[in-house]
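Thanks for sharing this one. Here are some notes to read alongside the structure, starting with the charged pairs and ending at the ligand.

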Amino acid sequence: MTSRPFAQTNAVVTGASSGIGRAIAVALCRSGVSRIVIHYCRNQRGANETADQCRRHGAEPILAACDLADPHSVDRFANQCFSQLADISTWINNAGADVLTTEMAGKSFAEKLALLTSVDLLGTIRLARIAAEQMMANPSDLPPSMCFLGWDQSCGGMEGDAGQMFAPVKAAITAFAKSLAQSCGPRLRVNTIAPGWIRTAWGESADEYWDARAKSQSLMRRWGTPDDVARGVLFATNPHNTFFTGQLVQVNGGWNRRFDVDAPETFGGAPTKHS
Ligand SMILES: NC(=O)c1ccc[n+]([C@@H]2O[C@H](COP(=O)([O-])OP(=O)(O)OC[C@H]3O[C@@H](n4cnc5c(N)ncnc54)[C@H](OP(=O)(O)O)[C@@H]3O)[C@@H](O)[C@H]2O)c1
């Protein structure tokens with residue numbers, strides 16, 4: 001495979017104004033994508049920063065705003081993508097509501113769950129169905145590809161409010177992705193990348209307990225980075241990776257089964273340089 005496997009292809013990344021979405025967009029451009037839609041919801045400044053980084057790799061970014069909680073906004077965004085880019089080879093459904101670090105953090109469990117459901121699930125499914133249909137309409141030697149962002153603990157479950165709201169939503173979007181792969185093969189490849197503890201906005205402000213827990217729950221004894229996730233997404237969506245579809249891949253540094261929440265010092269043996 002070449003170092004620029006995405007050369008002369010077009011891509012869309014939702015939620016590309018920060019974090020994992022930005023890392024994916026920049027990595028795609030570094031790997032040859034020539035035109036890319038940088039989607040954002042409220043953070044236009046962040047989207048501009050992502051666009052600048054994409055330009056440095058020779059790509060032409062197109063900024064587009066959309067609130068995935070609003071079906072009309074979703075439909076307008078989809079139209080905009082397919083009217084501005086003739087062929088879209090790679091579509092990344094990364095956008096997700098932040099209910100942990102924004103003003104949403106002070107809301108009730110029910111309000112957070114409702115927002116996550118409307119953005120990460122209903123809006124994402126609405127958009128993905130439109131995009132999948134359009135992408136399959138363009139015959140090409142290499143089938144186009146779509147990727148979703150899940151969560152590594154969605155099926156096993158996690159204690160507390162965060163587990164009870166993220167797990168059902170991310171498990172559902174993963175199940176949808178699997179069904180879309182079944183519906184669309186061989187004309188469209190569909191996969192899910194499920195990140196573990198990745199140091200984005202919430203991770204940056206995590207307290208001592210969660211910092212230790214995130215590092216300890218990975219066999220690699222560190223937080224994941226947005227670039228770690230982007231590498232997984234690029235593997236799944238590499239246009240030459242034509243036998244890879246219908247998969248769920250965790251990017252979490254390997255789950256540490258010996259983790260003990262109450263006594264982290266007892267399970268890990270000697271500290272490593274990452275801990
Ligand atoms: N970080 C982790 O540890 C982790 C673990 C597992 C899964 N994930 C998933 O990975 C994805 C990216 O996470 P991240 O940590 O990079 O998050 P992030 O930095 O908060 O980025 C989230 C992105 O989603 C967009 N977004 C938020 N609300 C939206 C809405 N109503 N409509 C459309 N777009 C909206 C944001 O746009 P604006 O900022 O422009 O409003 C932003 O671009 C999410 O789906 C998340 O659930 C993350």
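1. One cut-off first, as several points below lean on it: a residue is called buried under 20% relative accessible area, exposed over 50%, and partly exposed in between. By that scale Glu-60 is partly exposed, since its relative accessible area is 41%. Please keep in mind that this is a predicted model.

2. Which residue does Glu-60 meet in a salt bridge? The partner is Arg-35, with an N to O distance of 3.3 Å. Arg-35 lies in strand β2 (residues 35-40) and Glu-60 in strand β3 (residues 60-65), so this pair ties together parts that are 25 residues apart in sequence. Arg-35 has a relative accessibility of 27% and therefore counts as partly exposed, too. In total, the model has 11 salt bridges.

3. Another pair worth a look is Asp-75 with Arg-126, a salt bridge whose closest N and O atoms are 2.8 Å apart. Here the link runs between helices: Asp-75 belongs to helix α3 (residues 71-84) and Arg-126 to helix α4 (residues 109-136), 51 residues apart. Both ends fall in the partly exposed class, Asp-75 at 24% relative accessibility and Arg-126 at 36%.

4. Arg-199 and Asp-211 also form a salt bridge, with 3.6 Å between the closest N and O atoms. Arg-199 sits in the loop between β6 (189-195) and α6 (201-204), while Asp-211 is in helix α7 (residues 208-216), 12 residues apart. Is each of the two buried or partly exposed? Arg-199 is partly exposed, at 28%, but Asp-211 counts as buried because its relative accessibility is 19%, which is under the 20% cut-off. The pair does not stand alone: Lys-215 joins Arg-199 and Asp-211 in a network of salt bridges.

5. Now to the ligand, which sits in the largest pocket. The elements giving two or more residues to the shell around the ligand are α1 (19-30), β2 and α4. The last two have already come up, as β2 holds Arg-35 and α4 holds Arg-126. The shell has 27 residues, and the closest are Ser-17, Ile-20, Asn-43, Asn-94 and Thr-200.

6. Where does the backbone approach an oxygen atom of the ligand? Polar backbone atoms of Asn-43 and Asn-94 each lie 2.8 Å from a ligand oxygen, and one of Gly-15 is 3.2 Å from a ligand oxygen. Taken alone the ligand exposes 900 Å², of which the protein buries 85%.

How values were computed. Residues are numbered from 1 along each chain as its sequence is written. This is a predicted model: local features need pLDDT of at least 70, side-chain atom pairs count only at pLDDT 80 or more; totals for chains, interfaces and linings use all residues. Side-chain values use heavy atoms; hydrogens and water are left out. A salt bridge is a side-chain nitrogen of Lys or Arg within 4 Å of a carboxyl oxygen of Asp or Glu. Helices (H or I, at least four residues) and strands (E, at least two) are DSSP runs, numbered from the N terminus. Buried means under 20% relative accessible area, exposed over 50%, partly exposed in between (1.4 Å probe, protein chains only). A residue is near a molecule or strand if one of its heavy atoms lies within 4 Å of it. A polar contact is a pair of N or O atoms within 3.5 Å; within protein, one must be able to donate a hydrogen and the other to accept it, and residues adjacent in sequence count only if both atoms are side-chain atoms. Accessible areas come from the Shrake-Rupley method with a 1.4 Å probe; for residues, only the protein chains shown count as cover. On a 1 Å grid over the protein atoms alone, a cavity is a set of points where a 1.4 Å probe fits but cannot get out, and a pocket is an open set with protein on both sides within 12 Å along at least five of seven lines; lining residues have an atom within 4 Å of a point. A molecule sits in a cavity or pocket if more than half of its atoms lie within 2 Å of its grid points.
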